[in-house]
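Trainee: I'd like to learn how to read a few features off a model like this one. Can we go through it together?

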Amino acid sequence: MGKRLSVIELQKYKSKGKRISALTAYDYYSAKIIDSTCMDMILVGDSLGMVFQGKSTTIPVTLDQIIYHTKIVVESTQNPVIVADMPFGSFQISTEKAVENAFRILKETGCNAVKLEGGKIIVPVVEQLAASGVPVFGHLGLTPQSINKFGSYKLRAKHADEAVILKKDALLLQKAGVCGLILEKIPAELAKEVTESLEIPTIGIGAGPYCDGQILVITDMLGFDLDVNFRFVRKYADLNGIIKNAVENYIKDVENGSFPSKEESY
Ligand code: KIV
């Protein structure tokens, strides 16, 4: 360990038939623990607005916040590819502004790539970024930054017309130069079709088993929130229970005077 994986190496996984594992992270300890595993990629997602800041959507997340958290994650790791999410409003105003913001992210954090939500509409930005040497991941299906347009976080592209648009968008993004594509909350068979139609890897979240890789939000898979019961999240730990139990035991020990003990005192 110790040599950071590159986006190019990650892309080669597809032809080798090796699946990409990815998680989100936003802070030093999580990033450091992930770095001690063989995780391929960390996304500093704008999900941080919901799972780190406790907001109800990802809309309020700012470019400065993404830069702040991405810098921490980059500096806490040596191995995985680090991707920073471009937050809502940071890439829609104009291609120039989007490129300027992406440059800021790369220069100020040292991350390897950025990610943008959207289809055809982001093609000019992707083209410009790819031509300028900025690796870009696309993100189709459930795009949480469009919550005000769609009104829910339900399954996307369930109907044929939406599926056709998604398949076209995937090909357009590949042509524009994305290095990989996140597919969120779409039917597994559609994700399979898209994955097979592309040379670039797809990374799924709630998109079934046929993607070239999988990503989960770290706090969901670690079981921080008892209210998170999405079908696509497998809980690998119950950190809510573990933390609550530890805190309750600490309170008990403080109240009954057994903490600190003689050995824990000077
Ligand atoms: O912001 C995020 O964490 C994401 C993942 C859910 C893919 O976009």
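Mentor: Sure. Keep in mind that this is a predicted model. Let's start with one residue: Thr195 lies in helix H9, which spans residues 188–197.

Trainee: Is Thr195 buried or exposed?

Mentor: Go by the relative accessible area, where under 20% counts as buried. Thr195 comes out at 6%, so it is buried.

Trainee: And which residues does Thr195 touch, if I skip those up to four places away in sequence?

Mentor: Lys14, Leu183, Thr202, Tyr210, Cys211 and Asp212. Follow one of them, Thr202, which lies in strand E7 (residues 202–205). Thr202 is buried too, with a relative accessible area of 0%. With residues up to four places away left out, Thr202 touches Thr195 in return, along with Leu181, Leu183, Val194, Cys211, Asp212 and Gly213.

Trainee: What about Ala191, where does it lie?

Mentor: In helix H9. Ala191 has 0% relative accessibility, so it counts as buried. Beyond its neighbours within four places in sequence, Ala191 is in contact with Leu183, Ile186, Ala207 and Cys211. For a sense of scale, Ala191 and Ile72 are 119 residues apart in sequence and 32 Å apart in space, C-alpha to C-alpha.

Trainee: Let's do helices. Which residues of helix H2 are buried?

Mentor: H2 covers residues 28–35, and Ser30, Ala31, Ile34 and Asp35 are buried there. They span an arc of only 135 degrees around the axis, so they sit on the same side of H2. On the other side of H2, Tyr29 and Ile33 are exposed.

Trainee: What covers the buried residues of H2?

Mentor: The cover includes strand E1 (20–24), strand E2 (41–44), helix H4 (63–75) and helix H10 (218–221).

Trainee: On to strands. Why would I look at two faces separately?

Mentor: Because side chains in a regular strand alternate between the two faces of the sheet. Here, take strand E4, residues 113–117: 5 of its 5 residues are buried. Ala113, Lys115 and Glu117 are on one side, Val114 and Leu116 on the other, and both faces are covered.

Trainee: Which strands pair with E4?

Mentor: Strand E3 (residues 81–85) is joined to E4 by 3 bridges, and the two run parallel. Within that pairing, Ala84 stands opposite Val114. Strand E5 (residues 136–141) also pairs with E4 in the parallel sense, over 4 bridges. There, Lys115 stands opposite Phe137.

Trainee: How does the chain cross from E4 to E5, and what is the handedness?

Mentor: The chain goes through helix H6 (residues 123–131), and this β-α-β crossover is right-handed. E3, helix H5 (residues 95–109) and E4 also make a right-handed β-α-β unit.

Trainee: What can you say about the loop between H6 and E5?

Mentor: Look at Pro135, which lies in that loop. Its relative accessible area is 23%, so Pro135 is partly exposed. Leaving aside neighbours within four places in sequence, Pro135 is in contact with Val7, Asn112, Ala113, Val114 and Cys179. Two of those, Ala113 and Val114, are among the buried residues of E4.

Trainee: Last topic, rings. What describes an aromatic pair?

Mentor: The distance of the centres and the angle of the planes. How it plays out here: the structure holds 4 aromatic pairs. In one of them, the rings of Tyr28 and Tyr29 have centres 5.1 Å apart and planes at 50 degrees, so the pair is tilted. Tyr28 is partly exposed at 40% relative accessible area, whereas Tyr29 is exposed at 61%.

Trainee: And how are the rings of Phe230 and Phe232 arranged?

Mentor: Their centres are 5.5 Å apart and their planes are at 10 degrees, so that pair is stacked. Phe230 is partly exposed, with a relative accessible area of 39%, and Phe232 is partly exposed as well, at 25%.

Trainee: Which charged residues sit over rings?

Mentor: Two to look at. Arg156 lies over the face of Phe150, 4.3 Å from the ring centre. The charged end of Lys192 sits over the ring of Tyr210, at 5.5 Å from its centre. You've met Tyr210 already: Thr195 touches it.

Methods: Residues numbered from 1 in each chain as written. Predicted model: local features only at pLDDT ≥ 70, side-chain atom pairs only at ≥ 80, totals over all residues. Heavy atoms only, no water. Phe/Tyr/Trp six-rings, centres within 6.5 Å; stacked < 30°, edge-to-face > 60°. Buried < 20%, exposed > 50% of the residue type's maximum accessible area, 1.4 Å probe, protein only. Lys NZ or Arg CZ within 6 Å of the ring centre and 35° of its normal. Pairing = 2+ DSSP bridges. Right-handed = clockwise from strand over helix to strand, strands pointing away. Arc of directions from axis to C-beta. Contact = heavy atoms within 4.5 Å.
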